[in-house]
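Colleague: I'm new to reading structures, and I'd like to learn how to look at the place where two parts of a chain meet. Could you walk me through one?

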Amino acid sequence: MSEKSPKLRAALDGIPTYKPGKPAAGDGPRSFKLSSNENPYPPLAGVLETVANSAASFNRYPDLACTALIAELATRFDVPLEHLATGTGSVGLAQQIVQSTAGPGDEVIYAWRSFEAYPIITQIAGATSVRVPLTDAEVHDLDAMADAITDRTRLIFVCNPNNPTSTVVRRAELERFLDRVPSDVLVVLDEAYIEFIRDDQVPNGIDLYRDRPNVCVLRTFSKAYGLAGLRVGFAIAHEPVAAALRKTAVPFGVSQLAQDAAVASLHSEDALRDRVEALVAERARVAGALTGQGWTVPEAHANFVWLRLGERTADFAAACEAAGVVVRPFPGEGTRVTIGEREANDLFLRAAEGFRKEL
Ligand SMILES: Cc1ncc(COP(=O)(O)O)c(C=O)c1O
């Protein structure tokens, strides 16, 4: 018998594993999970009922083409059906986008730090990451990103608002950037948190995509819509990009439960909007309290706040955990804290205050 193990692609060597947010502690005093930018509210009753009904037929494959969901989205956003593609969360679509555009020798540009899936999916494709540091204000440095374009660049991610810093780029600077990108380089506007933005200078990517065939907008039902566990997201792009995303999709990847829940959620937007408003109000309260405690908090536009703690990051996360809130540390850099239910936010604020006093 041979001692050799199966040959795997060298491109996979050293790929960082995706770190999910740590779960809340299971037993003992109540613990809250503020580590994954999830929606803290349980499913809406109507959406839950829809999913329960769909569950009765999960012996069948789902609708491969996500027909009802695509039709609903096309009407809602006033885009042609052919410009839509669905995926297993927007991270699934992001991976399909990389697979569709970049391979060995090609470059993918993104800001850093940004969504941690970008380096992983780039490396899986065998392409090369080009990371452009955020500015001192924790914002995408779009001029530097445009300067980083070479003739090997195939794809650029712009995460707006940015995960984990919660910062945004605004319309004028984004348009100026897009004007500098060659038309054969695809720009993905990852708008996973767009529903939490309250700044009218921040553009809706769908307005920008309309007359720009090299712009693709990524959206998800995981955050504001509260369907993270069901895995459904969508992309809006011109042909041939949207067609490439349909080609690279895992067949039947989006379950019927997820498709039906997404349609039901689009029909329940008033209730969902109230929840998003409550989170936006909590975000203002949390950010204001942190500033009052003496922290520097970049203006937050998503459902999380960012504290650049440097070497104190791990200690801060441990202090939060001891107080009953699990946050998301990026060791040596900073901590991302999801806005949760009021009780969780209060616990977090108390922990942050205690930590601050000991500095
Ligand atoms: C910026 C960004 N994009 C995409 C995603 C992926 O979300 P999902 O795959 O659940 O749609 C996330 C999740 O945290 C994110 O932060």
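**Where two domains meet**

Modeller: Sure! Keep in mind that this is a predicted model. Domain 1 and domain 2 bury about 2400 Å² between them, and carbon and sulfur atoms give 52% of that area.

Colleague: How is the size of an interface often given?

Modeller: As the accessible area lost when the parts come together. Here, Y18, E269 and H301 are the residues of domain 1 that lose the most area to domain 2, together 29% of what that side buries.

Colleague: Which stretches of the chain make up domain 1 and domain 2?

Modeller: The domain assignment gives 18-43 + 269-358 for domain 1, and 55-267 for domain 2. Their C-alpha centres are 25 Å apart. Domain 1 brings 25 residues to the contact, while domain 2 brings 29 residues.

Colleague: What about charges? How many salt bridges does the rule find across the interface of domain 1 and domain 2?

Modeller: It finds six salt bridges there. The rule looks for a side-chain nitrogen of Lys or Arg within 4 Å of a carboxyl oxygen of Asp or Glu. For a salt bridge you can look up, try the side chains of R113 and E333, with 2.9 Å from N to O. As for polar contacts, 17 residue pairs make them across the interface of the two domains.

Colleague: Which elements give two or more residues to the side of domain 1 that touches domain 2?

Modeller: Those are α10 (269-293), β9 (304-307) and β11 (328-330). The largest share, seven residues, comes from α10. Sort the residues on that side by type and you get 11 nonpolar, five polar and nine charged.

Colleague: Now the ligand. How many residues surround it, and which are the closest?

Modeller: There are 13 residues around the ligand, and the closest are S90, Y193, T220, S222 and R231. Next, look at polar atoms beside its oxygen atoms. In the side chain of T220, an N or O atom is 2.5 Å from a ligand oxygen. S222 has a polar side-chain atom 2.6 Å from an oxygen atom of the ligand, and for N163 the distance is 2.7 Å.

Colleague: One last thing: how do I read a single residue, say A68? Where is its place?

Modeller: Start with its element: A68 is in helix α2, residues 67-77. Then check its contacts: leaving aside neighbours within four places in sequence, A68 touches D63 and V263. You can also compare sequence with space: A68 and T135 are 67 residues apart along the chain, and their C-alpha atoms are separated by 42 Å.

Conventions: Residues are numbered from 1 along each chain as its sequence is written. This is a predicted model: local features need pLDDT of at least 70, side-chain atom pairs count only at pLDDT 80 or more; totals for chains, interfaces and linings use all residues. Side-chain values use heavy atoms; hydrogens and water are left out. Domain bounds come from an automatic or database domain assignment. Contact means heavy atoms within 4.5 Å. Buried area is the accessible area (1.4 Å probe) that two parts lose on being put together, summed over both. A polar contact is a pair of N or O atoms within 3.5 Å; within protein, one must be able to donate a hydrogen and the other to accept it, and residues adjacent in sequence count only if both atoms are side-chain atoms. Helices (H or I, at least four residues) and strands (E, at least two) are DSSP runs, numbered from the N terminus. Ala, Val, Leu, Ile, Met, Phe, Trp, Tyr, Cys and Pro count as nonpolar, Asp, Glu, Lys and Arg as charged, and the others, Gly among them, as polar. A residue is near a molecule or strand if one of its heavy atoms lies within 4 Å of it.
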